[in-house]
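Visitor: Please guide me through this structure by way of questions on its charged pairs, its pockets and its nonpolar cores.

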Amino acid sequence: MNTVFSNKKAIAIFVLPTLLIFCGIVLVPIFVSSYYSVLDWNGVGKGTFVGLDNYVEMFTDSRALLSIRNSFLFAAASVFIQLPISLLLALILASSVKGEGFYRTVYFIPVLISTVVIAQLWSKIYNADYGLLNTLLENIGLSELAQDWLGQKKTALASSFIPTLWQYVGYHMLLMYAGAKSISQEIFEAAKMDGASRIRTAFSITIPLMKPILKVCLVFSIIGAFKVFDLVYVLTGGGPLFATEVPSTLMYTTIFNTYRYGYGSAVSVFIILECLVFTILINKFFKTE
């Protein structure tokens, strides 16, 4: 193996197929979208060069600014609600509780289900006429709280958060669980001998040693929030009155409903840059000597 890994020609041969696929699927579309973003183009015929006009319009359009705000709210919900819940569940399961394998599987099941199926499921739960949520509220005497959860501006966005958080709690939990389990048991035994409680052990030993995994989860959750599309599109389509609009739904409707490929491509480039910038910032924040 050492001979193979020291052979740069062999490494290049093995890496080349994956590199070509990556370039064809990721890099080439990014450059093409960047080119389209400086055009006024309807998808047919020749486009007109407009420079940065599409970007200027994006940052001055109230709908686009609302979509950007909503994506940041999705990211905040992921970081401050989803990840703490995942961390708590991971720490509990990693402490060798009874039925550890069963609970690990149960929490991970939503991750395996298609996001479209998740959205359809929650749209039935939120349904104003026969939804499980309103039925439950009526049965426990809180019928005054029953409402059209996805049809009102004041509740639609928060209602869209919950399915996303619920679906991926198990994903981040499993990553954190693996990180916690990889820590040597000798460290925990030493802490126990010193009289450290479980809470003190978690905050002084487990969580600091899970720093690399926490960084990965943070990057995944923020990027996932910035790119969220299918769940929002199926649940609300960006409505009502753009209350749940996010950059990806704005990009989709702009390109395929109004045929403004240039403006839609500008939104897609913004999403890429947004994800890239935050990934760099998170890596710098977690950087250690």
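The questions and answers below concern a predicted model.

Visitor: How many salt bridges does the structure hold?
Guide: The model is predicted, and side-chain atom pairs count only at pLDDT 80 or more. Side chains of opposite charge can pair when their charged atoms come close. The number of salt bridges in the structure is 4.

Visitor: Which residue meets Glu57 in a salt bridge, and how far apart in sequence are the parts that the pair ties together?
Guide: The side chain of Glu57 meets that of Arg260, at 2.8 Å from N to O. Glu57 lies in helix 3 (residues 53–58), while Arg260 lies in the loop between helix 13 (247–256) and helix 14 (261–285). The partner is therefore Arg260, and the parts tied together are 203 residues apart in sequence.

Visitor: Is Glu57 buried, partly exposed or exposed?
Guide: The relative accessibility of Glu57 is 28%. Buried means under 20% and exposed means over 50%. Glu57 therefore counts as partly exposed.

Visitor: How does Arg260 count by relative accessibility?
Guide: Arg260 has a relative accessibility of 32%. Since buried requires a value under 20% and exposed a value over 50%, Arg260 counts as partly exposed.

Visitor: Which residues are joined with Glu100 into one network of salt bridges?
Guide: Glu100 meets Arg104 in a salt bridge of 3.9 Å, N to O, both residues lying in helix 5 (residues 100–112), 4 residues apart, about one turn of the helix. Glu100 also forms a salt bridge with Lys181, the closest N and O atoms being 3.5 Å apart. That second pair links distant parts of the chain, as Lys181 lies in helix 8 (residues 153–181), 81 residues from Glu100. Through shared partners, the residues joined with Glu100 into one network are Arg104 and Lys181.

Visitor: Within that network, is Glu100 buried or exposed?
Guide: Arg104 is partly exposed, with a relative accessible area of 28%, and Lys181 is partly exposed at 33%. Glu100 has a relative accessibility of 13%, and the cut-off for buried is under 20%. Glu100 therefore counts as buried.

Visitor: Which helix supplies the largest share of the lining of the largest pocket?
Guide: About 750 Å³ of space lies in this pocket. Its lining has 23 residues, of which Leu91, Ser95, Arg198, Thr201 and Thr206 lie nearest the centre. Helix 4 (62–94), helix 8, helix 9 (185–193) and helix 10 (198–209) each supply at least two residues of that lining. The largest share, 7 residues, comes from helix 10.

Visitor: How many residues in the lining of the largest pocket are nonpolar?
Guide: By class, the lining has 6 polar and 4 charged residues. The remaining class in the lining is nonpolar, with 13 residues.

Visitor: How many polar residues are in the lining of the second largest pocket?
Guide: This pocket has a volume of about 310 Å³. It is lined by 16 residues, and the closest to its centre are Thr164, Tyr168, Phe220, Gly224 and Ala225. Helix 4, helix 8, helix 11 (211–227) and helix 12 (230–235) each supply at least two residues of the lining. Alongside 6 nonpolar and 2 charged residues, the number of polar residues is 8.

Visitor: Which helix gives the most to the largest nonpolar core?
Guide: In soluble globular proteins, nonpolar side chains tend to be buried together. The largest nonpolar core has 47 residues, and those with the most contacts inside it are Met58, Phe74, Met176 and Met210. The elements that give two or more residues to this core are helix 3, helix 4, helix 8, helix 9, helix 10, helix 11 and helix 14. With 11 residues, the element that gives the most is helix 4.

Visitor: Which residues does Met176 touch, leaving aside those up to four places away in sequence?
Guide: Met176 is one of the residues with the most contacts inside the largest nonpolar core. Beyond its sequence neighbours up to four places away, Met176 touches Leu83, Ser86, Leu87, Ala90, Met210, Ile213, Leu214 and Cys217.

Visitor: Is Cys23 buried, partly exposed or exposed?
Guide: Cys23 is found in helix 2 (residues 8–36), and it touches Val28 and Pro29, not counting residues up to four places away in sequence. The relative accessible area of Cys23 is 25%, whereas buried means under 20%. Cys23 is therefore partly exposed.

Terms used
Residues numbered from 1 in each chain as written. Predicted model: local features only at pLDDT ≥ 70, side-chain atom pairs only at ≥ 80, totals over all residues. Heavy atoms only, no water. Buried < 20%, exposed > 50% of the residue type's maximum accessible area, 1.4 Å probe, protein only. 1 Å grid on protein atoms, 1.4 Å probe; cavity = no way out; pocket = protein on both sides within 12 Å on 5 of 7 lines; lining within 4 Å. Points joined across faces, edges and corners; volume = space filled by probe spheres on them. Nonpolar A, V, L, I, M, F, W, Y, C, P; charged D, E, K, R; others polar. Core = buried A, V, L, I, M, F, W, Y, C linked by side-chain atoms within 4.5 Å. Contact = heavy atoms within 4.5 Å.
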